[in-house]
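Below are some points on the sheet and the side-chain contacts, set out for checking against the coordinates.

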Amino acid sequence: MLYSSSTRTRLTRMRRSTALVLLPTITMLGGLSSVSSASAASSVVSAEQPAKATQAVRHFYNVRFQRCLDADTNTGGNGGKVQLWDCGPWNQQDWEVRPDGSIYNMRFQRCLDADTNTGGNGGIVQLWDCGPWNQQWWVIRADGSLYNVRFQRCLDADTNTGGNGGKVQLWDCGPWNQQWWQ
């Protein structure tokens, strides 16, 4: 590839310099700030502790099935179904990561909850009134997986039901893209 003299000079300078990458973050008061990549890397939450800072409302997009985490509009009460669905501007797909590690659904005003009766592989993930229970504590890990503190398993999109209405469940954490959420 041929570059002009000025382009070669800029490329050489870019390779030699150490770039400072600024990442946007949301502060506890909701303001947007920037931090260096070094301090962002040091703020990664360990698997034992829930997330500490409230984040802006967000959608959780599943990498494998290219669908969003969705609270079923027909079952929004306690025990309400959490599923995969095409991403859209709907508030049943709006989630807030709270300081206590809970993940709060904006439409139904309930938290993402791992059913205490089915905590093993294939365990039910549902909506439930928010409380101080560790089955509602989730850690967003560096690989994008959502780790449940109580059951020590990850939020997983069932590989057999990846379409609209697809099952979301607990499963042993692994390097699988059905457990990656953006």
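1. Four strands make up an open sheet, ordered β10-β11-β12-β13, with antiparallel pairing. The edge positions belong to β10 (138-140) and β13 (168-171); each has a single partner strand, so one side of each is left without a neighbour in the sheet. From one strand to the next, the twist averages 40 degrees. Please keep in mind that this is a predicted model.

2. At the β10 edge, the contact with β11 (residues 146-148) consists of three bridges, and the two strands run antiparallel. Within this pairing, I140 lies opposite L146 of β11.

3. How many salt bridges does the model hold? The count comes to five. Three of these are taken up in the points that follow.

4. D86 and R67 form a salt bridge through their side chains, at 3.2 Å from N to O. This pair connects distant parts of the chain, 19 residues apart: D86 belongs to the loop between β5 (82-85) and β6 (95-97), whereas R67 is in strand β4 (residues 67-71). D86 is partly exposed, because its relative accessible area is 35%, and a residue counts as buried under 20% and as exposed over 50%.

5. A salt bridge also joins the side chains of D129 and R110, again with 3.2 Å from N to O. D129 sits in the loop between β9 (125-128) and β10, and R110 in strand β8 (residues 110-114); the pair thus links distant parts of the chain, 19 residues apart. At a relative accessible area of 33%, D129 is partly exposed.

6. The side chains of E96 and R98 meet in a salt bridge as well, 3.2 Å from N to O. Is E96 buried or exposed? With a relative accessible area of 17%, E96 is buried. Its partner R98 is partly exposed, at 26% relative accessible area.

7. R98 has a further contact, with an aromatic residue. Its charged end is placed over the ring of Y104, 3.7 Å from the ring centre. R98 therefore appears both in the salt bridge with E96 and in this contact with Y104, while its relative accessible area of 26% makes R98 partly exposed.

8. How many aromatic pairs are counted? The count comes to zero. The contact between R98 and the Y104 ring is one of a charge over a ring, and is listed separately for that reason.

Key
Residues are numbered from 1 along each chain as its sequence is written. This is a predicted model: local features need pLDDT of at least 70, side-chain atom pairs count only at pLDDT 80 or more; totals for chains, interfaces and linings use all residues. Side-chain values use heavy atoms; hydrogens and water are left out. Two strands pair if DSSP finds at least two bridges between them. Axes are lines fitted to C-alpha atoms, for helices over the stretch in contact, and angles run from 0 to 180 degrees between N-to-C directions. A salt bridge is a side-chain nitrogen of Lys or Arg within 4 Å of a carboxyl oxygen of Asp or Glu. Buried means under 20% relative accessible area, exposed over 50%, partly exposed in between (1.4 Å probe, protein chains only). Rings of Phe, Tyr and Trp (its six-membered ring) pair if their centres lie within 6.5 Å; planes under 30 degrees apart count as stacked, over 60 as edge-to-face and the rest as tilted. A charge sits over a ring if NZ of Lys or CZ of Arg is within 6 Å of the ring centre and within 35 degrees of the ring normal.
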